[in-house]
Each structure stands twice: as structure tokens, then as C-alpha cells.
Amino acid sequence: MPFKGAKQFPYESETGRLHTYEVNERLLEGKHFEAFAIEGESAFSERYNKLRYIVANFNALVAKVSADMLFGEDVAFYADKNQDFVDGLVYNNKLSTQLLESAISNSALGDALFKIRVENNEIVIEDTDPAIYFPEVNGRNPRKTPDVQELAWIDLYQTEQGEEARFLVREIHTAGKVETKIYVVKGDNNIIDQEVDVKEYNAQYGTNYEPLVETNIDKPLLVFVPNMRYRGSKDFWGVSDFIDFESLQFELNNRLTKTANILDKHSDPILAVPEGVLDEEGRVKKEALQMIELGDDGEVPQYIVWNASLDNAFKEIEKMMELLFMSSEVSPDVLGMGKDGAIQSGRALKMRLIRTIAKAERKKRYYEQALKEVFEIAQKLSANNKGVGVTYMGKKITCKEIEPVNIVFGDGIVNDVVEETETIIKRVDAGILSKKSAIMLLDGYDDAEAEREVEEIEKSRANFTSIIDKLQPNDDEE
């Protein structure tokens, strides 16, 4: 986003995207009243302000299921020459946790972002808020990685006079360098004013921004991850998972809210009594406590209740739940809510989750591509800058060569150990799998560990056979 003199921040062209982020973030957090109030403004608030608003947070369920299918199991990263370096990056940056959190946010917002930087000669990988990301998108080819990518945010300080001092910090990433520029922000509309010297700003406010950092690599240090793109080469930004069922979520909350308030209203019915039980002041007569006179028609005290006839409302809720599962591509069997009874095997479970698995596979394509780029940038930073690397297992590890990192995802489904064991045994019996390979598959052993296990098994079998032979009667002795 090129900066051309005074303008408003956030940049006007990005207000629609940031507005969508704000709504979807509140939906994810279960703050649906706030989210829909933003969309519906005063009309929504007037409609629901006096009701106890009920939220069934299907949005968070979808986001968490997506993240669990992607990164619920640890992802494996393999490199031929730089394995220790890769292991150090994963461990030091708690990458497994970052990826899980990133996937939840990515599902909700539609976008995710990773920033790679160097701090004290250590490479740092950070899951970064896409709301501060403003790239110069190529209008002719939006899918092309932007040559200029900017992170921008507001620094806020309290002055001694009790006033607010606001500054816009722009961190501009291009191939080979990162520039930082700081501007004064004025007015309620965040109008960007004059530029401030970065070093003077650091001295006054105790920050440590660098005006210019030479990265010595041919890529910016930011990696963008779209959740999904509908229009392929026509749009840069990703699409949130929430877009497919936003109206259904609204109506589910509406129906639950209205039903709950109806039930509350009629949970304390009024008692109707025959004439003569109450005195003139509306109090029960003492003599009426032990006996009550009946009217000529035999009228007795009774509660006035309302037959709500809510069957249709509950049927609508059930139908909406079916549509929510269908629209979000989340199978009810993920939650144990399938209608076809118990699942007999891991294979049967995978068949029922086929759309949910396909959704996770779609997300993997974007994350795999992004993570390979993250590791490429990290290796280049180490190889092209002396002393830069990772400290892992007590030693400093750096790169000299750049190589692709292979990434292996889990399927996000709990393994059926019995079924896997039976399948592997059949393959061993059929002669199409060795015992050593079977042990490696079942127990996760490496080559040497599996070799020792095979030797131990053969040794134990030989000892057992020897014991059995000794217990057998000898024909010669007979």
C-alpha cells in the first residue's frame, strides 16, 4: 500500500476487510450479539435488547474442528542436510502450538500471516495478526506474491498532561530489506500527519525500532496463508469458513432466544381460584386454607397455563443444525452425533468424515506451501547472515545450504490401533511386508531400533522353543 501524504488509518481501501475480521472474530469468541449488532446496527439492538440472547456457538466449533483436523497431530518436518536446524526452529518457536492457533484464526478470518525475523542472531517465526497486513497487491495478477508488503499499527501513549499521543508505525518489507517509518496520528479519524525520526522516537518512548534492516535475501520476511480462495487468480485475500452459514447461525440463535424467552415467560403460571377465596385486599381468607367452596358449576382452583406448541420450533432447530453441518462441511460424526449408530472401525469413520477430511486436505495445500516458504526464508537468513541460526540442544546451528523441507501432516483422526495391527499382520503373513517394517509402522521405531527389536523377538522365540523341546518326552528314554 504506497503511502502518499496525509491520509486516514486504517487505509480506506481496507476498511471492508478489517470490518469482516472484526465481525468474524467476535463470532469465533461467542460474542454473537455484538457481531450481529455491528451488521444490523440499531434495528438488531432494538429487536433483542430486552431478551436474554442465547448463543449456540457453531462458528467456534467449525474453526476448532478445522484446526484439529490440520494440526491436532504434530506435523513432521524432514530435511536431508538441515534436520537439526529445522528441529531447532520447530522447538524454539513452539511451532506446533502456533500452527494450531493460526488454523483456528485462519478458519474464522479467512487469512493468516507468518513473520520471520532475527533477534539476537536467533531466527524467530511469529503467527501475526493479518489485520495489520497491507500488501501492494498486483492488480493484474493478485495471486502473485506482492513485492512490497507492509505491517502497520498504532502505538498509543499517555502524556504527562493526561492526553493521548498516537503514532502510526509502518514496517515495510521488500526483498533484501525492512524499513520502519513512524508518523504522528491526529484527530478522531486517525489522520496521518508528519513523519518522526525513528531514533528520536526510540529515545523518547523506550522502543527499539530499526530504521533499516538489511536481510540479504531475495524475499520479504512475510508469508501469507489464505484459508481458501473462491476466485483463484482474481482475488488475493482468503475466504472465511463462516461465510457459508452466517445466516443459519443468526437464525439458530434467534430461534433459541425466542424459544427460551417463551418458556421463561410461562414458567410461573397464575393460580385461578373460585370466588370467595380472596378477601377485598386480595389476601387468602384463613378459613379458605382448609376448605374451599365450589361454585354452582363445581369450579375448582387451577393454574392458567399456555400451550406453547413449540414442537415446530424444535423441529426447525433440528433442521437448521442439519443445514449447518452440511454448509460447514463438518460431519456430525466428528462430535459423535451421527444417526447411524456406533462406528465399527477406523475405516468406517473415515468414510463418514469424507467431506470433513476433504476440507482439511484443501486447507493443507495452502499451509504446506506457506510453511515450505517459511523454512526457505529461515534457511536463507542463516546462510546469508553470519552467526544467524538457532540454538538447539545446547549448540548453535546454522545453515550453509538451502534445501526444500518435506512436510507430513496427520489425518486428524484417532488411529484405530486394532484395525491397523490386523492389516499389518495380514501383510506380513502374505509376504508383502517385513517384520522389521511392521515394527517401524506400529511402534514408530527407527531403522536401528526396529532391527534390535527383531533380533530380540527371534532370540525370545528360540529360547521359548528350547524350553518346549526340553519338556517334550524323549522316545529313546521310553
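A residue is called buried when its relative accessible area is under 20%, exposed when that area is over 50%, and partly exposed in between (1.4 Å probe, protein chains only). Glu329 offers a first example: with 19% relative accessibility, this residue counts as buried. The model shown here is a predicted one, in which local features need pLDDT of at least 70, side-chain atom pairs count only at pLDDT 80 or more, and totals for chains, interfaces and linings use all residues. Residues are numbered from 1 along each chain as its sequence is written, and side-chain values use heavy atoms, with hydrogens and water left out.

It helps to begin with the chain as a whole. The protein chain has 13 helices and 15 strands; these are DSSP runs numbered from the N terminus, with helices (H or I) of at least four residues and strands (E) of at least two. Of the 478 residues in the protein chain, 37% are buried. The chain exposes about 28,600 Å², and carbon and sulfur atoms supply 50% of that area; accessible areas come from the Shrake-Rupley method with a 1.4 Å probe, and for residues only the protein chains shown count as cover. Contacts (heavy atoms within 4.5 Å) can also be sorted by sequence separation. Among those between residues at least 6 apart in sequence, 64% join residues at least 24 apart.

Charged side chains come next. Side chains of opposite charge can pair when their charged atoms come close. A salt bridge is counted where a side-chain nitrogen of Lys or Arg is within 4 Å of a carboxyl oxygen of Asp or Glu, and the structure holds 27 of them. One of these joins the side chains of Lys81 and Glu401, with an N to O distance of 2.9 Å. This pair links distant parts of the chain, 320 residues apart: Lys81 sits in the loop between β1 (76–78) and α4 (83–92), and Glu401 in the loop between β14 (395–397) and β15 (406–408). Lys81 counts as exposed because its relative accessibility is 59%, whereas Glu401, at 45%, counts as partly exposed.

Glu329, met at the start, forms a salt bridge with Arg355 through their side chains (2.4 Å, N to O). Glu329 lies in the loop between α8 (311–328) and α9 (346–352) and Arg355 in helix α10 (residues 354–384), so this salt bridge ties together parts that are 26 residues apart in sequence. While Glu329 is buried at 19% relative accessibility, Arg355 is partly exposed, with a relative accessible area of 45%.

Helix α10 also carries Lys364 and Glu361, which are three residues apart and therefore separated by about one helical turn. Their side chains meet in a salt bridge at 3.1 Å, N to O. Lys364 is buried at 8% relative accessibility, and Glu361 is partly exposed at 39%. Elsewhere, Glu22, Arg26 and Glu34 are linked in a network of salt bridges.

Finally, the backbone deserves a look. Most residues other than glycine have a negative phi. Asn121, however, has a positive phi, near 65 degrees. Asn121 is found in the loop between β2 (111–119) and β3 (122–128) and is partly exposed, with a relative accessible area of 37%. Met393 also has a positive phi, near 55 degrees. The loop between β13 (390–392) and β14 holds Met393, and this residue is exposed, with a relative accessible area of 70%.
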